[in-house]
Amino acid sequence: MSTPLHTEPDRAARQGEREFLLDVRTQDMEVNMGPQHPATHGVMRILVRADGEVCTGAQPHLGYLHRCAEKIGENVEWLQYLPYTDRYDYLAAMNNNLGYSMAVEKLMGIEIPRRALMIRTICAELNRIGSHLIAFGTYGLDIGAFTPFLYMFREREWMMALFEKICGARLTYSYIRIGGVFNDAPPGWLSEVERFCDVFEEKWQEYVDLLMVNHIFVQRTANIGVIPPAMALDFGLTGPMLRGSGIDFDLRRDMPYELYAEIWKAGAFQIPLGKGERGQLGDCWDRSYVRVMEMIESIKIVRWCLGAIEPGPVIADIPKTLRVPNGEAYVGIENPRGELGHYVVSDGGKVAIRCRVRGPSFTNLAVLEELMPGALIADAIAIIGSTDIVVGETDR
Amino acid sequence: MLASATGVAAGETGGNAVDTFLAGVKPEFVPAWAVPLTAIAIGVGIAIALVSVVAMFSVWLERKVAGHIQCRYGPMRVGWHGWLQPIADGVKLLLKEDLVPLGADRVLYVLAPSIVLASVLAAMAAYPLAPGFYFADVDLGIFFILAMTSTTTIGVVMAGWSSNSKWSLYGSMREAAQVIAYEIPLGISLLVPIMVAGSFDLIEVSRDQAGFFGLNWYIWPWVNPFMLPAFVLFFIAILAETKRAPFDLPEAESELVAGFMTEYSGIRWSFFFMEEYAAMFLYSAVGAFFFFGGFESPLTWGAAKAFGDHSVAYQAAAATTLIVKSFAGVFLMMWLRWTLPRVRIDQVMTLGYKYLTPLSLLCVLGAGLWEVFLAPHLSWRNG
């Protein structure tokens, strides 16, 4: 177990909450949670040390899904790497495509047609909704509520059908390309997206009523896995994990890319923050709250794009085989899980000489070790679920 | 309130309906002691068949209920709307390899599912199918059922301990803690209808609730206003007793993989399932007996008026009524399972010890005072 980064009294205070369970000490037990465990969301293994039902420590072990994604990026051509980006955060493949494409575009200095930017934004936000649906749905599943999960799958299914119509794939899209998007939206697609937005807003209320404010759900998640704002900064958390702790930081607004500066200026969306409404600031409930609210904000962004989209080309004029100018570029975008950074270095050839990915799940996972001591086994599940990791991305 | 305690169809020998029937048709060469033995064999056969059929139907019902709650159909392929699915599953489970994990305590591991199933089968013995059709006329029927169903805990703890798996151990420890916490409010909340009825005998309690269109059911506030809270406490307690959501901590699939039955497979695993559904049915039947009139319903009332108390039609109406009421309870439990998240172990304990137990005691106190001071003066209670 590593040394805690934040202050000792803090940790003692958190353990104090469970004092009533710690008065009878028995021999600690080491339990392997994973790699095949329903709550680890993939093949992650967490070595939990437990005193009865109380965790005294936890250590995540990664690498079961390691596929050398970064190394592959240094061995295939620029455009060929795009499908590999789909596969690290497979729940938000559009966002991954976007991040990588933007890094290469920055290096090449390509100007993207406005319609392509619009479609990219729509796709990225729709995928954010889909990803948050999975995050919140499986979180409900971790807490023991099976049905909301399937309700959310119902809407996600429509989202995937929309993507299938625009690019033919349901999970690994490779739709957002270097220079724009692969092809224009088919006729009627945009109006179907609008219909999706209408229906989704209605269904969203269902999730809130059924799960978000459910008494048992609140009891299970409020005051559990509290990340104080200072600790969130210490661990370099991003995305809903950071905003759940009340820190107002969103790359879409603070380091705007694509059209987000314009959308923010138009006042089309807000950044939801955890407020400690049902418990302490930065608990599991706050993180879920941020995700749930972000879905609605994404719908607003999609609506803004639908209102502003105009006909035009959807991809810049780029050659089949890219030769990227000498240099390096880092682009961080707001993935559903936090900052997804792509750092690419080119020596002017057909292949990158360095292709580095900064995955939000991987960084956010670090805090797990810190949150677990003092939590019950059931809380441990709630904490793992609230970090919303995608193992494909932590391991890459 | 006390009616005579003899079973309707019970013969002079004091045996049950099967006994009486067999005694009548016994050939000369069969010794007299063979009659009760045969009756017992038949009774055991019926109990096993009943448990299996209830479990199979409940499994099908659960999958259908879950499916329809979750915007899907559930099983549809095997038979009409998948009604043969449990049979197909049963065949599959029977044909599966019987695995015992390395390092498991073999004797306990093999014994545990049998104990679990046997205890619920034993409880079934005190469960009357109809006013004149039961296996054993136990005066303390409800005590016997409660005692037998709590024996399943021993099997569950054995299963968890012998599996040589940490998840199983967690599951069984949770089960032990949970059952001990909820036996108390379960038993105490049942005292309220028992006080009103003045009897522990299920058939007796049911007969006491007979009346025009179910207006004498104990659940009604004019019988005793403490009955409704007692029922709510009883229902929460049986959810915990049968390990159903939101109290499904012993098997909590997202936390403990499958809890105490993680290592089980094939037919042994299905024993746990059969026990769970049979226990749900049985507890719902107990709820029906003590709160919702037991055999009594407009249907039974009509059958009794038209054909008389001793007719087959009346017995059939009573059996149907009870089965419908029991499955209504089972349905309610399924509905809750597919709606609610799971509570945490300390919350389960808090709810059990800090809220349900004192509340159930208060209910008993209130109901007792009502029975002593008010009930004798209520005209409809003494009609």
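**Entry 1. A hairpin in chain A**

I began with strand β6 (residues 327-335) of chain A, which nine bridges join to strand β7 (residues 338-346) of chain A in an antiparallel run. The model I am reading is a predicted one. I looked up the connection and found that a hairpin of two residues leads from β6(A) to β7(A). For one pair across these strands, I noted that Tyr330(A) has Tyr343(A) in β7(A) as its bridge partner.

I then followed β7(A) to its other partner. β7(A) and β8(A) are paired antiparallel through five bridges. Here I recorded that Val345(A) lies opposite Arg354(A) of β8(A).

Taken together, these strands make an open sheet of three, ordered β6-β7-β8 in chain A, and the pairing is antiparallel. I asked which strands stand at the edges. They are β6 and β8 (354-358) of chain A; each has a single partner strand, so one side of each has no neighbour in the sheet. From one strand to the next, the twist averages 10°. As general background, I noted that strands in a sheet pair through backbone hydrogen bonds, in a parallel or an antiparallel way.

I also checked what lies across this sheet. Helix α5 (residues 93-108) of chain A crosses β6, β7 and β8 of chain A, and its direction is at about 150° to β6(A).

**Entry 2. A second sheet in chain A**

I turned next to another open sheet of chain A, in which three strands follow the order β1-β2-β3 with antiparallel pairing. Its edge strands are β1 and β3 (54-61) of chain A, each of which pairs on one side only. Neighbouring strands in this sheet are turned against each other by 20° on average, with direction ignored.

Within the sheet, I looked up the pairing of β1(A) with strand β2 (residues 45-51) of chain A and found five bridges in the antiparallel sense. Met33(A) has Ile46(A), in β2(A), as its bridge partner. I asked which helix packs on the sheet. It is helix α6 (residues 166-197) of chain B, which touches β1 and β2 of chain A and makes an angle of about 110° with the direction of β1(A).

**Entry 3. The interface of chain A and chain B**

That helix led me to the interface as a whole. I recorded 36 residues of chain A in contact with 24 residues of chain B. About 2,600 Å² is buried between the two chains, and carbon and sulfur atoms give 61% of this area.

I asked how many salt bridges the rule finds across the interface. There are two. In one salt bridge, the side chain of Arg344(B) meets that of Asp379(A), with 3.0 Å from N to O. For polar contacts between chain A and chain B, I noted a count of nine residue pairs.

I then listed the elements behind the side of chain A that touches chain B. At least two residues each are supplied by β1 (29-33), α6 (114-143), α7 (147-167), α8 (189-212), α9 (215-221) and α17 (377-387) of chain A. β1(A) gives the largest share of this side, with five residues. By class, I found 22 nonpolar, seven polar and seven charged residues on the side of chain A that touches chain B.

**Entry 4. Two backbone details**

Lastly, I looked for backbone geometry to set against a general rule. Most residues other than glycine have a negative phi, and most peptide bonds are trans.

Asp388(A) has a positive phi, near 50°, and is not a glycine. I located Asp388(A) in the loop between α17 and α18 (391-395) of chain A. In chain B, the peptide bond that joins Ala245(B) and Pro246(B) is cis, with omega about 0°. Pro246(B) is placed in the loop between α8 (227-241) and α9 (266-291) of chain B.

Terms used. Residues are numbered from 1 along each chain as its sequence is written. Chains are lettered from A and ligands numbered from 1 in the order in which they are written. This is a predicted model: local features need pLDDT of at least 70, side-chain atom pairs count only at pLDDT 80 or more; totals for chains, interfaces and linings use all residues. Side-chain values use heavy atoms; hydrogens and water are left out. Contact means heavy atoms within 4.5 Å. Buried area is the accessible area (1.4 Å probe) that two parts lose on being put together, summed over both. A salt bridge is a side-chain nitrogen of Lys or Arg within 4 Å of a carboxyl oxygen of Asp or Glu. A polar contact is a pair of N or O atoms within 3.5 Å; within protein, one must be able to donate a hydrogen and the other to accept it, and residues adjacent in sequence count only if both atoms are side-chain atoms. Helices (H or I, at least four residues) and strands (E, at least two) are DSSP runs, numbered from the N terminus. Ala, Val, Leu, Ile, Met, Phe, Trp, Tyr, Cys and Pro count as nonpolar, Asp, Glu, Lys and Arg as charged, and the others, Gly among them, as polar. Two strands pair if DSSP finds at least two bridges between them. Axes are lines fitted to C-alpha atoms, for helices over the stretch in contact, and angles run from 0 to 180 degrees between N-to-C directions.
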